[in-house]
Every structure is written in C-alpha cells, then in structure tokens.
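Colleague: I have a model open and some labels I want to challenge. Can we go through them one by one?

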Amino acid sequence: MPKHGGYRAGSGRPPKSAMEKMLEGNRGRRPIKVVDFAEADVLPKTPASWLSEKGKEIYGSVYAWLEKIGCLKGIMPSHLEEYAHCKARWHECETQNTKVGLVIRDANGNPSQSPYVALANNYLKQSNEAWSKIYVVVREAKLKEWDSLSPNDDIMEKLLGG
C-alpha cells in the first residue's frame, strides 16, 4: 500500500482567526435580532424573603449605591441576592471567630483551627465572585463616564499626541 495521499491530521487550511471572522460579518445572512436592554426589568428594591436580616441590610445598601450611580438595569436580581447572602454568612462567621477565637482546643486538648475560619474564607471567596458579576455590569455601563472624569487620561493624550 502506498504511504502517501489521503487524510492527514492537521492538514488543510488553518482555521480563521477571530479577527477574520469579525471582518466577514454575518456570513450566514441570517437576520440579526437586536436586543434592547432599555426594556429590561429593573432590579427589585425589596430583597428576597429568604435572606437573613443582615442579608437584607446588605442588599439594601448595595441597591442604594447602584441607584445612586444609575446602574439598576442590567444586573440580575439573583446576583445581588447571592452577594448579600454570602456576605451576610461571612459576617456571621467573622462574628463567631471574634467570640471563639481562631484557634480552639479539640476533645483531647490539642489546639486546632476553628472551623469558622475555613467557612469565613469560603464565604468571602463566594461573595467576591458574586460581587465581580455585579461590578462587571457597573463597569461596562459607566466606563465612558468614569474614564472621562480621570485627569490622567488628558495628560496621557497630550503626551502621546505630541
């Protein structure tokens, strides 16, 4: 049998880069559906009933901040509820760490780490992840406005412009 010809893995035209695909535009000629986010539901002012009192307080303070900067649209209620829930649980763990301490003694009298330390770390990580989901929307919505307020942008423009 001949050892040439036929299919070889990796042969053929290399895949197009993302830039080439973007430059070609709508190759399938399908109608493009434009989504109007101005009609999206606004974040509810009242928190979910299942949140603890501390969670409802956190929800209210973040809601007030989002309302102050004008970013109530585009943020999913579940993201804000998740953030308030995780942050409230983190506060509970930290309160317990303050009462009990970071090191406890087990049944044999040996010192060991309090279980609330690991719980607090997990809840802090989860709340930071939930906050990043919220802040991505805020950052994108306010990017132009915040960048225009930065005095450093004008200086860099002057330096680079000559």
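Modeller: What follows is a set of questions about those labels, and the model is a predicted one.

Colleague: Start with the layout. What makes up the chain, and in which order?
Modeller: The chain has 5 helices and 2 strands. From the N terminus, the order is α-α-α-β-β-α-α. Buried residues account for 21% of its 162 residues.

Colleague: Why is L23 called exposed?
Modeller: The cut-off for exposed is over 50% relative accessible area. L23 has 70% relative accessibility, so L23 counts as exposed. L23 sits in helix α1, residues 18-24. Together with M19 and M22, L23 makes a nonpolar surface patch of about 390 Å².

Colleague: How do you know that K54 and E57 form a salt bridge?
Modeller: The rule asks for a side-chain nitrogen of Lys or Arg within 4 Å of a carboxyl oxygen of Asp or Glu. For K54 and E57, the N to O distance is 3.7 Å. That is within 4 Å, so the pair is a salt bridge. Both residues lie in helix α2, residues 53-69. They are 3 residues apart, about one turn of the helix.

Colleague: Why is K54 called partly exposed?
Modeller: Partly exposed lies between the buried limit, under 20%, and the exposed limit, over 50%. K54 has a relative accessible area of 32%, so K54 falls in between.

Colleague: What makes K133 and E82 a salt bridge?
Modeller: Their closest N and O atoms are 3.3 Å apart. The limit is 4 Å, so this pair qualifies. K133 lies in helix α4 (residues 115-149) and E82 in helix α3, so the salt bridge ties together parts that are 51 residues apart in sequence. By this rule, the count comes to 2 salt bridges.

Colleague: Are K133 and E82 buried, exposed or partly exposed, and how do you know?
Modeller: K133 has a relative accessible area of 37%. E82 has 29% relative accessibility. Both values fall between 20% and 50%, so both residues are partly exposed.

Colleague: How do you know that K87 has no salt bridge?
Modeller: The nearest side chain of opposite charge is E94, 9.7 Å away. A salt bridge needs a distance within 4 Å, so K87 and E94 do not make one. K87 is nevertheless buried. K87 is found in helix α3, residues 77-100.

Colleague: Which residues is K87 in contact with, leaving aside neighbours within four places in sequence?
Modeller: K87 is in contact with I58, L124 and S127.

Terms used:
Residues numbered from 1 in each chain as written. Predicted model: local features only at pLDDT ≥ 70, side-chain atom pairs only at ≥ 80, totals over all residues. Heavy atoms only, no water. Helix = DSSP H or I, 4+ residues; strand = E, 2+ residues; numbered from the N terminus. Buried < 20%, exposed > 50% of the residue type's maximum accessible area, 1.4 Å probe, protein only. Lys, Arg positive; Asp, Glu negative; His and termini not counted. Contact = heavy atoms within 4.5 Å. Patch = residues over 30% accessible without salt bridge, like charges linked within 9 Å, V, L, I, M, F, W, Y side chains within 5 Å. Areas by Shrake-Rupley, 256 points an atom, 1.4 Å probe, with all protein chains shown as cover.
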